Amino acid sequence: MSRMLTDGKDLLGIRELSRAHIELILETANSFKEVSGREIKKVPALRGRTVVNLFLEPSTRTRTSFELAAKRLSADVINFSASTSSIVKGESLKDTAATLEAMNADLAIIRHSAAGAAHFLSRVSRLGVINAGDGSHEHPTQALLDLYTIKEKLGRTDGLKIAIVGDIAHSRVARSNILGMTKMGAAVTVVGPPTLIPAEVEGMGCHVSYSLDDVLPEVDVVYLLRLQLERQSESLLPSLREYAGRYGLSARRVGLMNPEALIMHPGPMNRGVEIASEVADMPQAVITEQVANGVAVRMAVLYLLLGGGANG
Amino acid sequence: MASLLVRGGRVIDPSRKFDGIADVMIENGIVTAVEPKLKADPKVKVYEAKGLMVTPGLIDMHVHLREPGREDEETVESGARAAAAGGFTSVNCMPNTDPVIDNASVVRMLRDRAEAVGLVNVYVTGAITKGLEGKEISDMGDMVKFGAVAFSDDGRSIMDAEVMRRAMEYVKMLGVPLIIHPEDHSLSRNGQMHEGYYSTLLGLKPIPAQAEEVIVARDIRLAALTKSRVHLTHISTKGSMEMVKIAKLHHIPVTCDVTPHHLTLHDSDCVGYDTNYKVNPPLRGEADVLALRHGLVDGTIDAIASDHAPHAVQEKECEWEYAACGKIGLESTLGVMLTKLVGEDVISLPVLIDKMSCAPARLLGLDKTGRGTLAVGSVADITLIDPKREWTVDPNTLQSKSKNTPYGGWELTGRAADVIVGGKIVRL
């Protein structure tokens with residue numbers, strides 16, 4: 001059971017997972033979701049295992065979610081963040097990994113601004129590695145919790161039409177979700193201005209549209225990405241105002257949608273930019289449910305990778 | 001009188017369109033006869049070359065020897081050893097050292113170092129602009145006086161077209177070429193790999209083919225304006241190929257070289273983030289690789305050069321984004337080209353030898369000193385190639401101080417058996 005998740009010790013990206021892997025994780029998450037609802041939110045599955053949160057790029061939400069997940073499985077959690085680590089003093093990631101290995105940590109959860117950092121860490125160390133976001137590359141647990149949420153709310157993923165809207169070019173959430181949603185049988189359209197659509201993205205199995213209004217009437221899920229505000233200074237956008245006008249999900253645009261369709265966002269939201277404030281608070285917006293499911297899904301991933309202690 | 005008879009090998013000398021079994025007689029460092037079954041004094045030392053190919057010494061016209069400044073990565077000596085081990089009798093080193101080779105004293109220092117090391121001929125390319133800053137042209141006349149054979153701001157393009165134009169004009173009186181690294185830095189800024197499906201999949205900042213092509217286009221037009229000899233180095237895209245081809249049809253004095261890695265590796269190899277595949281220009285797509293191979297066949301590409309770029313372990317063993325660009329090549333180029341180009345019938349052996357010896361000699365003006373040929377009277381720089389030798393690239397056994405090669409573990413057929421430089425067999 002323990003090594004069923006992937007062929008190795010890691011979760012580096014959705015690209016490395018098959019549909020069967022994803023289904024296993026989602027089923028496992030189902031049983032852990034129940035744990036989070038208990039009064040005593042803890043099971044002993046990973047007692048004695050040590051998990052390191054190696055967050056070399058600021059993140060509160062994802063780090064907290066992983067920390068909770070690990071603690072609810074009774075693992076010991078060490079937080080190692082950019083501001084306190086020796087990485088800022090010029091220590092290489094390889095040396096950091098060797099240090100953690102020497103302390104007999106079992107698994108590192110890495111968040112890093114450079115694409116491929118999780119792959120690199122996996123190559124240079126014996127630690128198990130979970131990619132918690134590497135540059136613009138992947139953020140697999142985000143995609144898994146999104147799939148879990150979609151399945152929970154709509155009962156299926158096969159045959160769904162999903163629009164992912166915004167800065168596709170720089171988004172690891174978009175990449176993991178394009179790969180994950182298509183593997184799970186959904187049809188994905190990415191929507192955004194041409195400056196934010198990366199080259200040959202259709203090769204990943206999605207369609208491309210520049211018009212949100214055209215796409216909205218068709219979709220079962222609209223997934224809004226956070227717009228990094230610095231894109232304006234890189235000649236990618238003229239202004240946030242123009243972006244919000246063309247791609248922001250306003251109440252008027254929600255009116256174009258099927259009333260059953262879900263509105264999703266990985267957080268943190270820029271209210272008034274990619275999503276109007278009143279839209280974020282509508283019942284079809286499942287943004288806080290995504291956060292709740294994140295803990296269960298991350299428990300499942302940790303459990304499957306670390307094998308519940310059965311496999312030392 | 002030091003004499004050497006290289007006996008019974010297959011002599012391939014594209015400079016004279018010669019290909020056949022012959023003996024090569026060398027006296028005092030000069031080729032004095034190339035004929036079948038030469039009669040020689042029994043006292044003459046014999047190099048038994050049966051089963052080997054005997055070619056004009058190979059010339060790598062684009063290498064980085066890191067001296068001065070990064071002697072931990074490579075030196076003139078380790079680079080010369082790597083060259084000899086890889087079958088090269090001459091190399092031409094680029095000026096992006098620290099300090100930059102932008103004045104006669106650094107040129108002279110390197111020439112002195114090369115002479116002290118011996119082993120192979122080390123030629124020096126000076127910087128076009130002072131400090132490689134692209135602003136003011138350097139003392140090119142002085143540097144030529146002390147032996148510079150070409151000028152280049154390799155690693156960078158001169159983004160100011162006016163400075164480029166004036167450099168092209170100025171260098172005409174010196175009779176040496178400019179070696180252009182074509183890259184529009186405003187289009188490639190922070191770029192990590194070739195723009196296409198794989199850059200999207202990997203989430204790495206893309207570098208479009210056009211970052212190279214707009215400078216290729218600009219500098220071809222400036223060559224047309226100035227009628228100066230312009231050599232475009234490590235061109236890597238189909239678009240660049242097409243433009244060079246047309247420029248040549250119009251008799252614009254443009255030449256170009258291509259690297260072994262752009263002929264054999266693809267952007268898809270970057271999946272997995274192995275930083276040995278991080279090079280500049282980046283590895284391109286399949287259509288580009290095919291176009292480059294075609295350019296070798298139709299003659300658009302003049303030469304093959306390694307862009308040997310040694311880097312210390314810590315500059316490669318890190319996150320892709322932080323890793324240095326470049327790979328070593330002196331010891332793998334011949335084997336990779338024999339295996340992947342000749343072995344797979346892309347080009348013939350004489351064409352390969354032309355691209356790796358005769359053409360670079362012409363481009364750098366070394367033909368005037370009797371290199372890139374085995375004609376009677378030429379300098380006895382000779383590469384002896386064992387075409388059947390099977391070997392595996394092992395980064396740890398290379399002569400180079402650096403180990404950054406993407407060819408580690410490749411099984412190759414064909415490698416240099418020996419090199420003769422100035423009539424002497426080089427022993428490492």
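User: Which residues line the second largest cavity?
Analyst: This is a predicted model, and in it the second largest cavity is lined by B:His308, B:Ile328, B:Gly329, B:Leu330, B:Glu331, B:Ser332, B:Val393, B:Leu398 and B:Thr405.

User: How do the residues of that lining divide into nonpolar, polar and charged?
Analyst: Four of the lining residues of the second largest cavity are nonpolar, four are polar and one is charged.

User: And how much space lies in the second largest cavity?
Analyst: About 40 Å³.

User: OK, how many cavities of 30 Å³ or more does the structure hold?
Analyst: Four. The largest cavity has a volume of about 60 Å³.

User: Which residues are closest to the centre of the largest cavity?
Analyst: B:Pro182, B:Glu183, B:Asn280, B:Pro281 and B:Arg284. They belong to a lining of 13 residues, which divides into six nonpolar, four polar and three charged.

User: Let's do pockets. What's the volume of the second largest pocket?
Analyst: The second largest pocket holds about 380 Å³ of space. It has 22 lining residues, and the closest to its centre are B:His64, B:Arg66, B:Asn96, B:His311 and B:Cys325.

User: How many residues of that pocket lining are polar, and how many are charged?
Analyst: In the lining of the second largest pocket, 10 residues are polar and seven are charged. The other part of the lining is five nonpolar residues.

User: Switching topic: how many residues does each chain put into the contact?
Analyst: Chain A brings 23 residues and chain B brings 19 residues.

User: What area is buried between chain A and chain B?
Analyst: About 1700 Å², with carbon and sulfur atoms giving 57% of it. As background, the accessible area lost when parts come together is often used to give the size of an interface.

User: How many salt bridges does the rule find across that interface?
Analyst: One. The partners are A:Lys94 and B:Glu317, and their closest N and O atoms are 2.5 Å apart.

User: Why does that pair count as a salt bridge?
Analyst: Because a Lys side-chain nitrogen has to be within 4 Å of a Glu carboxyl oxygen, and the closest N and O atoms of A:Lys94 and B:Glu317 are 2.5 Å apart.

User: How many residue pairs are in polar contact across the interface?
Analyst: Eight pairs are found between chain A and chain B, counting pairs with both residues at pLDDT 80 or more.

User: Which helices of chain A supply at least two residues each to the side that touches chain B?
Analyst: Helix 3 (93-102) and helix 4 (117-124) of chain A. Helix 4 of chain A gives the most to that side, with five residues.

User: And what's the mix of residues on that side of chain A?
Analyst: On the side of chain A that touches chain B there are 10 nonpolar, seven polar and six charged residues.

User: Now the backbone. Is the peptide bond from B:Asp98 to B:Pro99 cis or trans?
Analyst: It's cis, with omega near 5°. B:Pro99 sits in the loop between strand 7 (88-93) and helix 2 (104-117) of chain B. A cis peptide bond also joins B:Glu67 and B:Pro68, with omega about 0°.

User: Where does B:Pro68 lie?
Analyst: In chain B, in the loop between strand 6 (58-63) and helix 1 (76-85).

User: Last thing: is the phi of B:Lys227 positive or negative?
Analyst: Positive, at about 55°, although B:Lys227 is not a glycine. You'll find B:Lys227 in the loop between helix 7 (209-226) and strand 13 (230-232) of chain B.

Terms used: Residues are numbered from 1 along each chain as its sequence is written. Chains are lettered from A and ligands numbered from 1 in the order in which they are written. This is a predicted model: local features need pLDDT of at least 70, side-chain atom pairs count only at pLDDT 80 or more; totals for chains, interfaces and linings use all residues. Side-chain values use heavy atoms; hydrogens and water are left out. Contact means heavy atoms within 4.5 Å. Buried area is the accessible area (1.4 Å probe) that two parts lose on being put together, summed over both. A polar contact is a pair of N or O atoms within 3.5 Å; within protein, one must be able to donate a hydrogen and the other to accept it, and residues adjacent in sequence count only if both atoms are side-chain atoms. Helices (H or I, at least four residues) and strands (E, at least two) are DSSP runs, numbered from the N terminus. Ala, Val, Leu, Ile, Met, Phe, Trp, Tyr, Cys and Pro count as nonpolar, Asp, Glu, Lys and Arg as charged, and the others, Gly among them, as polar. On a 1 Å grid over the protein atoms alone, a cavity is a set of points where a 1.4 Å probe fits but cannot get out, and a pocket is an open set with protein on both sides within 12 Å along at least five of seven lines; lining residues have an atom within 4 Å of a point. Grid points are joined across faces, edges and corners, and a volume is the space filled by probe spheres set on the points.
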